[in-house]
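Here is a short report on the sheets, helices and cores of one protein chain. Please keep the sequence and the 3D view open while reading.

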Amino acid sequence: MELSARKKQILKRVIEDYIASAEPVGSKAIAQEMGGSVSSATVRNELAELSDLGYLEQPHTSAGRVPSPKGYRLYVNELMERREVSEAEAEEINETLQDKMSAAGSMISQAGQMVSSIVDYPAYAVAEGKSGVTVKRFELLGVDDTSFITVVMTDDSRVKSQLQRSPLAFDRARLTDLSALLNTHFTKQSREEMSAKLMGLSDQIAPELFLVLSATVGYAAEILEEAAKKDVFTTGASQILKMPEYRDLDKAHDLMTFFVDNKENLPVPEDDTPLKILIGPENVNEALRDTSVVVASYDIGGGMRGLVGVVGPTRMDYATVTARLSYFADSLTRMFGKSELPPKEEKE
């Protein structure tokens, strides 16, 4: 059912008043805000109809109304006034990024902390794994008759090395032949393909050399598995305690525990949508059913993307959070791509 313009106007005012106050909103306050153009009785009837339609809820019999997840969804999709970050906000974000760039080499692990500081909500950052990574080159370097160094270069330019030991002595001169074998048959292969090829060679190579080969392939498989993993960094969990919705310490503790101990279950959208908003029950995990999550993606380069997310009450200031988070993600994309921040707007 399409809502009338007046119902939408009233719903918008209820939501924005509730976002600002965290208190149920009554018909008298809405009528006053509308400058007397609509009577309190008319507003009361409209509020009742909006409740019947599922856009508002009434916590107590005599209380005013609060938005439902359905109401917030309509607000975010249609009623919310989109805003851009102000010049002051842009400068604050740019300065935060610049400070962190000079102080820390790992931008991804710091991204959540920076977001939390500019939106005042708990935040998280995700570096997505790259499942298609393969080995580009192997090198085996002999140390002694039972030790060798494995060097693995992946096709995304990672270089890893490890000292390994074999239970059987081997001829170090044969490591050159093993390196050639590895570079011929085990590059550009998935972990599963490498494992299958290794098993096919088990009866074709001397036992002591097969142990070296097996250890090398096993190490390479670990590197590829690590490359495919996503890293999740959380910060600002204590911000939860500032929210009126979490005055109940047990409720606050449950959300904080999830945020810290179950961070791998925080929402990570599969599509490439630049910004995604999940409201209340839209969050699959039960621990997030009373929260809203806003997630923005940015381009790291090399076919990889990072994500930054904000977790807050469904009463979140969506307009401000989405504006700041989008600008921050765009800034990160520019930094990773061109090592520069967005230019400051000139004052007229």
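In what order do the three strands of the open sheet with antiparallel pairing lie? The order is S4-S5-S6. Helices (H or I, at least four residues) and strands (E, at least two) are DSSP runs, numbered from the N terminus. Two strands pair if DSSP finds at least two bridges between them.

This is a predicted model: local features need pLDDT of at least 70, side-chain atom pairs count only at pLDDT 80 or more, and totals for chains, interfaces and linings use all residues. Residues are numbered from 1 along each chain as its sequence is written, and side-chain values use heavy atoms, leaving out hydrogens and water.

**The three-stranded sheet**

Strands S4 (135–142) and S6 (159–165) are the edges, each pairing on one side only. Neighbouring strands are turned by 20° against each other on average, direction ignored. S4 pairs with strand S5 (residues 147–154) in the antiparallel sense over seven bridges. Glu 139 has Val 151 in S5 as its bridge partner.

**The five-stranded sheet**

A second open sheet runs S7-S3-S10-S9-S8, again with antiparallel pairing. Its edge strands are S7 (231–235) and S8 (275–279). Here the average turn between neighbouring strands is 15°, direction ignored. Strand S3 (residues 123–127) and strand S10 (residues 304–313) pair over five bridges. Ala 125 stands opposite Val 308 in S10.

**Helices on the sheets**

The table lists helices that pack on strands. Contact means heavy atoms within 4.5 Å. Axes are lines fitted to C-alpha atoms, for helices over the stretch in contact, and angles run from 0 to 180 degrees between N-to-C directions.

| Helix | Strands touched | Angle |
|---|---|---|
| H6 (residues 107–119) | S3, S7, S9 and S10 | about 155° to S3 |
| H10 (residues 249–261) | S3, S7, S9 and S10 | about 145° to S7 |
| H7 (residues 175–185) | S4 and S5 | about 170° to S4 |
| H9 | S4, S5 and S6 | about 40° to S5 |

**The H8 and H9 pair**

Helix H8 (residues 191–200) packs against helix H9 (residues 207–228) at about 170°, with the axes 10 Å apart. That angle makes H8 roughly antiparallel to H9 (over 145 degrees). From H8, the contact uses Arg 191, Met 194, Leu 198 and Met 199. H9 contributes residues including Phe 210, Leu 213, Val 217 and Leu 224. By class, the contact has nine nonpolar, one polar and two charged residues. Ala, Val, Leu, Ile, Met, Phe, Trp, Tyr, Cys and Pro count as nonpolar, Asp, Glu, Lys and Arg as charged, and the others, Gly among them, as polar.

**The cores**

A nonpolar core is a set of buried (under 20% relative accessible area) Ala, Val, Leu, Ile, Met, Phe, Trp, Tyr and Cys residues joined through side-chain atoms within 4.5 Å. The largest has 78 residues. Leu 11, Val 308, Tyr 318 and Phe 328 have the most contacts inside it. Helix H11 (residues 318–338) supplies the largest share, 10 residues. Leaving aside neighbours within four places in sequence, Leu 11 touches residues including Leu 3, Leu 50, Tyr 55 and Leu 74. Apart from this core lies another of 25 residues, among them Val 135, Phe 148, Leu 209 and Leu 224.

**Pro 69**

Pro 69 lies in helix H4 (residues 69–79). Not counting residues up to four places away in sequence, Pro 69 touches Glu 57, Ile 279 and Pro 281. The C-alpha atoms of Pro 69 and Thr 291 are 9.7 Å apart, across 222 residues along the chain.

Conventions
Angles under 35 degrees count as roughly parallel, over 145 as roughly antiparallel, 65 to 115 as roughly perpendicular and the rest as oblique. Buried means under 20% relative accessible area, exposed over 50%, partly exposed in between (1.4 Å probe, protein chains only).
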